[in-house]
Structures are given as C-alpha cells and as structure tokens.
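This report goes through selected local features of the structure shown below, taking backbone geometry together with strand pairing and helix packing.

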Amino acid sequence: MISFILNDQQFSTELPPGSVALDLIRKAARLTGTKEGCREGDCGACTVLLGFPQQDGMKYMAVNSCLLPLGELQGNHLVTVEGLNPSKGYSPVQSLIVNEGASQCGFCTPGIVMSLTGYLLSTVFPTAEEPIFLPQKRKSCGILNCCSFPENGE
Amino acid sequence: MNIITVKDDRCFTGASATVRNMMDSEVFNCIEGLAFRIPDRNTRFNFEKVSMRKHLDIATVNTAARFKVENGKILEADLSAGGVAPVPLFLRETSRDRVSLSSQAHYATPGLYFDKSKEKGKPFAYHVAGTALTEVTLDRLRGTYSLDSVKIVHDCGTSINPLIDRGQIEGGLLQGIGWVTLEELKYSNETHALLSDSLATYKIPDIYFVPDEVQIEFLENLSENGGVFNSKAVGEPPFMYGIGTYFALLNALRECNPGIEPEYSTPLSTEKMLLLLEQSSN
C-alpha cells in the first residue's frame with residue numbers, strides 16, 4: 001500500500017511500486033490535465049510537482065511523471081496541474097502564459113506550467129534569465145515544436 | 001484492482017449509465033472487468049451488435065433482451081437499445097431564447113483556377129514573403145555552435161491576432177532550425193529499420209535551442225490578397241527561416257576552413273560540422 005497526498009486529498013493505492021505515476025494520475029485518479037507525450041522523459045508534457053517534507057517545511061520539485069515510480073510517492077505530496085488552482089482561478093504562472101500568448105495548441109502547456117511553478121517554488125531568489133535553463137536542471141519540460149516561448153523578462 | 005460485480009440483475013440501463021452508476025459508488029475505481037450473476041434456467045437472453053464501419057470495431061447499435069419464461073409464458077422482459085451517438089439534452093434556456101449553439105462558415109478563395117491540360121492557372125491567391133537575418137557563433141575546435149540572433153520580417157497580410165501569429169512565427173522558426181541542425185533520420189544498414197525513432201534518438205529543439213535574441217516584425221502589407229479578412233497563412237511559412245541558420249553555419253564554416261564546399265546536406269549537426277572543419281579543402 002502506497003499512501004501520499006494527491007493535490008488536496010489523501011490517496012492510497014495497491015498498484016505495484018514500480019508502476020509509473022502518470023498512469024495513476026490519468027487512469028486511477030482520472031486527472032487528465034497531466035498529458036502523456038513521449039513517455040520517455042523527453043518532452044515534459046507530463047510534468048508534475050513532487051513535494052517532500054523537510055525539517056523547515058515542504059520542498060517541491062518538478063519531475064516527469066512518466067518516469068516517476070509510485071514508490072517515490074510514499075509519504076510525499078504529488079501536485080498535478082489541477083492542484084494549482086483548486087478555486088478554478090488561474091495561478092500567476094498560468095495568467096502570464098495566457099497574457100503573453102505562450103500557449104499555441106496547448107497540449108504541452110500543463111507541463112510548462114508545472115515546470116515554471118516548480119522553479120518558482122524551489123528558488124529563493126528567482127531571476128528573469130534562469131527559468132530558461134530550468135528544463136536541464138530539472139530534467140523536465142520544454143520541447144518546442146508548435147509552441148512559442150515565454151518572453152525572457154516575464 | 002477491483003472487479004465490480006453487478007449486484008442488480010436489472011442492469012439494462014445502457015452501457016454508459018451502468019458504468020457511470022458504478023463509478024460514482026466507488027470513488028477512484030478503475031474498472032478492469034465486469035461480472036454478472038449466472039442467469040437461472042428460466043431466463044433467456046440475447047444481444048446484437050451492429051457495426052457499419054468496416055475498419056472501426058465499434059458497434060453503432062447495441063441491443064440486448066432478457067426474458068424470464070415459465071411454462072411458455074413471458075413473466076418479465078427487459079429490453080435495451082443503445083448506440084454510440086451522444087445523449088441528447090434539452091437546453092431550456094437556450095431553446096427559450098432561440099440561441100444557436102453552433103456556427104460554421106465556408107470560405108472559397110475568389111479567383112482561383114487551374115487548367116490541368118495546359119498546366120496553367122492561378123492556384124494560389126497569394127504567396128507569403130519574409131526574410132530572416134541570422135547570426136551564429138561556431139567553435140572551430142569542437143564544431144559546436146550557438147545561435148546568437150534571428151531577426152525576422154514576416155508578411156502576415158493583416159494579422160487577425162498578432163499574439164497568436166507571433167507565437168506561430170517563433171515556433172515555426174524553431175522547428176525550421178531543428179530540421180537543419182538536429183533532426184536526423186538514421187536507418188540501420190543491415191535491417192533498414194529506422195534507428196532515430198524516439199525523442200531520445202531523434203532530437204528536436206528544446207527551450208535551450210532558442211536563439212539568444214529573436215526579433216519579429218510584421219510586414220505592413222494591407223494590400224488585398226484574397227485571404228480571410230485579408231490575412232495570410234502563418235503556420236508553416238515561418239519554417240523557412242530555419243534555412244537561414246543553415247547558411248549562417250555554412251558561412252561560419254567557410255570562414256574557419258576557407259575553400260571548403262561541402263555538399264548540401266541537412267541536418268548540419270555538430271558531429272557533421274566537426275568533420276567538415278577537419279576536412280581538407282581540395
């Protein structure tokens with residue numbers, strides 16, 4: 001039995017610890033905002049936030065859910081794009097993406113939102129330039145083919 | 001994983017309603033199977049599935065019937081018919097206020113014709129024009145390069161939504177750059193199977209690949225072109241700006257290795273670039 005918090009709910013599953021979080025998110029939990037793209041950790045469409053309890057609070061990082069074994073979730077906090085805005089509003093990152101026209105077809109946008117949110121949550125002094133280098137650091141998010149990209153300064 | 005047993009025999013409410021009822025009763029269940037009670041001796045049942053589409057294994061009509069029969073008399077009968085059509089809903093307010101919930105339009109570009117026998121005519125209403133100025137820096141020892149800036153003037157006609165069009169030009173530029181620098185189809189010499197068949201081996205541009213500076217200007221072009229609201233296609237034409245990157249890299253190569261005239265071949269990957277830098281120029 002693996003127990004963790006999924007967005008704002010306690011969640012338990014009997015699924016094997018080696019199965020991937022993406023399948024649990026999309027099939028068992030029916031949260032389809034997280035997208036399945038390449039399923040091999042390249043495209044980042046499936047990016048979610050994983051929060052670990054630390055001595056001084058929670059620490060969040062953006063991870064590819066297609067490569068995330070369920071065992072990693074035990075006792076942690078999994079946040080999907082649905083969990084960013086429980087009151088149905090937009091998060092600041094989402095608002096910026098809308099205002100700057102950074103979403104085109106939109107399929108990978110949830111992953112981009114989660115990656116940028118992970119960056120802002122895990123960085124004490126965010127800078128305008130650094131988010132551009134986020135994907136390599138976090139091994140997640142960021143293939144561009146149909147999409148435009150957020151302006152540097154935003 | 002749960003296998004749900006249908007508790008009530010009388011489940012002839014249609015497939016979607018049956019599943020929906022069961023899903024609601026057990027939150028977060030994933031149905032992997034359905035089990036039914038074995039009908040007793042007096043029960044007769046039959047079902048039919050009718051599929052009109054040869055290559056799609058979805059029945060357009062499903063029917064099911066169950067009869068409880070004793071001594072030649074039908075005591076109970078359940079009938080069900082369903083299909084893949086959506087469930088019709090009656091929308092009171094929109095019906096009352098006569099609001100149409102759909103709209104559609106067709107646009108036939110005026111003045112297009114083509115005579116196949118003469119192979120002459122006017123098959124396109126307009127062409128899309130544009131230009132890109134590309135700057136690259138090439139590391140002559142390693143063959144690696146960076147894209148310093150791309151400055152584009154693009155003719156969108158009259159842009160319907162400049163924010164969307166700008167995004168399409170940025171995305172098109174990046175896709176074009178990917179084609180000429182990274183994306184390579186590699187086939188096995190023995191089996192001829194495609195080797196670069198996943199994003200791990202067929203690398204496409206990521207956010208790092210965006211040139212340090214991208215400037216985009218729309219060409220002021222308000223002349224009549226025959227497009228919708230005088231707009232022009234913006235999805236694919238900007239791919240062509242990637243070609244600028246190819247030639248900028250080629251010029252940088254000539255600067256480092258004078259006299260070399262490599263055969264035209266894309267993508268100009270760093271691997272290829274390194275070999276070309278080392279190649280003698282005769």
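## Backbone outliers in loops

In which loop of chain A does Arg30(A) lie? In this predicted model, Arg30(A) belongs to the loop between α1 (21-28) and β3 (47-54) of chain A, and its phi is near 55°, a positive value in a residue other than glycine. Most residues other than glycine have a negative phi, and most peptide bonds are trans. With a relative accessibility of 44%, Arg30(A) counts as partly exposed, because the partly exposed class falls between 20% and 50%.

Phe229(B) also takes a positive phi, near 50°, although it is not a glycine, and its place is in the loop between β10 (213-218) and α4 of chain B. The relative accessible area of Phe229(B) is 69%, so this residue is exposed, the cut-off for that class being over 50%.

## Strand β1 of chain A and its partners

Along strand β1(A), which covers residues 2-6, the side chains alternate between two faces: Ile2(A), Phe4(A) and Leu6(A) point to one face and are buried, whereas Ser3(A) and Ile5(A) point to the other face and are not buried.

β1(A) pairs with strand β2 (residues 9-13) of chain A in the antiparallel sense, over five bridges, and within this pairing Ile2(A) stands opposite Thr13(A) of β2(A). The hairpin formed by β1(A) and β2(A) has two residues between the strands, and Asn7(A) takes a positive phi near 55° there. β1(A) also pairs with strand β5 (residues 77-79) of chain A, here in the parallel sense and over two bridges, with His77(A) in β5(A) as the bridge partner of Ile5(A).

## Helix packing and a cis peptide bond in chain B

Helix α4(B), residues 242-256, packs with helix α5(B), residues 270-278, at an angle of about 30°, and their axes are 9 Å apart. The two helices are therefore roughly parallel to each other, since angles under 35 degrees are placed in that class, and their crossing is right-handed. On the side of α4(B) the contact is made by Leu249(B), Leu253(B) and Cys256(B), and on the side of α5(B) by Met273(B), Leu276(B) and Leu277(B). By residue class, this contact of α4(B) with α5(B) comprises six nonpolar residues, no polar and no charged ones.

The loop between α4 and α5 of chain B contains Pro267(B), and a cis peptide bond, with omega of about -5°, joins Thr266(B) to Pro267(B).

Conventions. Residues numbered from 1 in each chain as written. Chains lettered and ligands numbered in written order. Predicted model: local features only at pLDDT ≥ 70, side-chain atom pairs only at ≥ 80, totals over all residues. Heavy atoms only, no water. Axes fitted to C-alpha atoms, helices over the stretch in contact; angles between N-to-C directions. Helix = DSSP H or I, 4+ residues; strand = E, 2+ residues; numbered from the N terminus. Parallel < 35°, antiparallel > 145°, perpendicular 65-115°, else oblique. Left-handed = near helix turned anticlockwise from the far one by under 90°. Contact = heavy atoms within 4.5 Å. Nonpolar A, V, L, I, M, F, W, Y, C, P; charged D, E, K, R; others polar. Buried < 20%, exposed > 50% of the residue type's maximum accessible area, 1.4 Å probe, protein only. Pairing = 2+ DSSP bridges.
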